[in-house]
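Q: Could you take me on a close look at the second largest pocket, and at the helices and cysteines that go with this part of the tour?

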Amino acid sequence: MSRTSDLVKPLPLPHPETAEGRPRRVGVEIEFSGLTEAQVARILVKQLGGSARESQRGHWTVSGGGLGEFEIYLDSQPLERLDHDGVGGQIRDLARAVVPVEIVSDPLDVAQIAELDRAIVALRDAGAEGTGTGVLSAFGVHFNPEVVSLDYGDVMPVLTAHALLEDYLKRVAGTDFSRRVMTWVAPYPRALVDRLAAEEPPATMIELIDTYLELSPSRNHGLDMLCIFAQIDEARVAAAVDMELVAARPTFHWRLPDCRIDEPGWTLAQEWNRWVLVETVAADKDLLHRLCAAWRDHRQSITSIRMDWSFRVERMLQGAGLCDL
């Protein structure tokens with residue numbers, strides 16, 4: 001059995017409270033295969049308490065434990081429309097190799113990520129499988145950290161920091177190659193990073209939203225900003241993108257390209273701590289300014305490849321004492 005005593009601890013956010021003084025919380029979504037929805041529900045109950053019920057066929061809810069409510073279901077709208085018996089049931093079973101079971105949490109306190117990691121160990125021991133099981137295993141982990149506020153000054157630095165750190169984060173995380181080339185986790189286009197890191201970047205929230213919608217009008221990025229922008233100005237976002245899968249909410253939507261639930265030692269906390277690095281850089285105005293200047297210099301090189309930039313970021317983070325985050 002896997003040990004839980006030495007799991008990585010989740011780091012606190014540099015700005016742990018909202019502008020109203022409430023603790024910032026984070027929703028977690030985890031995608032994997034190897035277990036049925038019912039098996040996952042029973043494991044969560046055993047590890048986290050509460051009780052499980054099948055609210056509708058194939059859709060389980062675990063509630064009453066210390067971490068709030070969890071939804072467990074097969075993550076495919078087309079499959080959800082199929083019958084659970086007969087041919088429909090057979091198709092659902094065959095699809096499990098490439099269609100993940102998804103766990104969706106209520107918003108959690110950051111420290112509670114450590115408790116959820118206990119359940120991750122139990123799911124691993126029971127046979128949960130992650131991204132590495134196959135090239136078509138489109139499994140990931142999503143974090144939805146609540147914003148400090150929807151003001152430009154609390155949103156723009158985080159978006160800029162993520163844009164500048166993205167190549168570095170993927171390299172140090174060892175992101176699976178099959179996920180790097182898939183469109184659902186495409187890196188931000190360089191044109192967007194150029195605008196964010198410019199000497200005169202978008203100066204207002206409306207300019208920022210318009211820039212994002214012009215240069216990167218897609219959910220399929222590591223940091224999907226459409227949720228926040230729809231919360232601020234839904235009509236503006238709806239005029240540029242299909243809103244069917246965009247949920248307006250005051251959270252960053254950080255979409256990790258891998259779920260490594262089957263790898264010993266992998267934890268949600270270690271992935272979360274990389275987000276804390278993004279916000280730590282965003283909170284350091286001088287470091288963020290220097291990274292922007294370094295990006296502009298990088299783009300003026302004869303060759304400006306992503307790997308070169310990721311190592312340059314690493315050196316700058318080391319100089320700031322942040323590479324251990």
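A: Happy to! Let's begin with a term: a disulfide is a pair of cysteine sulfur atoms within 2.5 Å. By that criterion, this predicted model holds zero disulfides. Two cysteines are still worth a glance. Cys 259 has a relative accessible area of 0%, and Cys 292 has one of 9%. Buried means under 20% relative accessible area, so Cys 259 counts as buried, and so does Cys 292.

Now to the pocket itself. The second largest pocket encloses about 500 Å³ of space. Its lining is made up of 24 residues, and those that lie nearest the centre are Met 156, Pro 157, Ala 282, Lys 285 and Leu 288. Sorted by class, the lining has 14 nonpolar residues, along with six charged and four polar ones.

Which helices build this lining? At least two residues each come from α5 (152–173), α10 (268–283) and α11 (285–299). Of the contributors, α5 gives the most, supplying seven residues.

If you'd like to follow one of these helices, try α10. This helix has 16 residues, and the distance from its first C-alpha to its last is 23 Å, close to the 22 Å expected at 1.5 Å a residue. As for its surroundings, 14 of the 16 residues of α10 are buried, so the helix is largely enclosed by the rest of the structure. The same α10 also supplies at least two residues to the pocket lining.

Key. Residues are numbered from 1 along each chain as its sequence is written. This is a predicted model: local features need pLDDT of at least 70, side-chain atom pairs count only at pLDDT 80 or more; totals for chains, interfaces and linings use all residues. Side-chain values use heavy atoms; hydrogens and water are left out. On a 1 Å grid over the protein atoms alone, a cavity is a set of points where a 1.4 Å probe fits but cannot get out, and a pocket is an open set with protein on both sides within 12 Å along at least five of seven lines; lining residues have an atom within 4 Å of a point. Grid points are joined across faces, edges and corners, and a volume is the space filled by probe spheres set on the points. Helices (H or I, at least four residues) and strands (E, at least two) are DSSP runs, numbered from the N terminus. Ala, Val, Leu, Ile, Met, Phe, Trp, Tyr, Cys and Pro count as nonpolar, Asp, Glu, Lys and Arg as charged, and the others, Gly among them, as polar. The expected span of a helix is 1.5 Å times one less than its number of residues. Buried means under 20% relative accessible area, exposed over 50%, partly exposed in between (1.4 Å probe, protein chains only).
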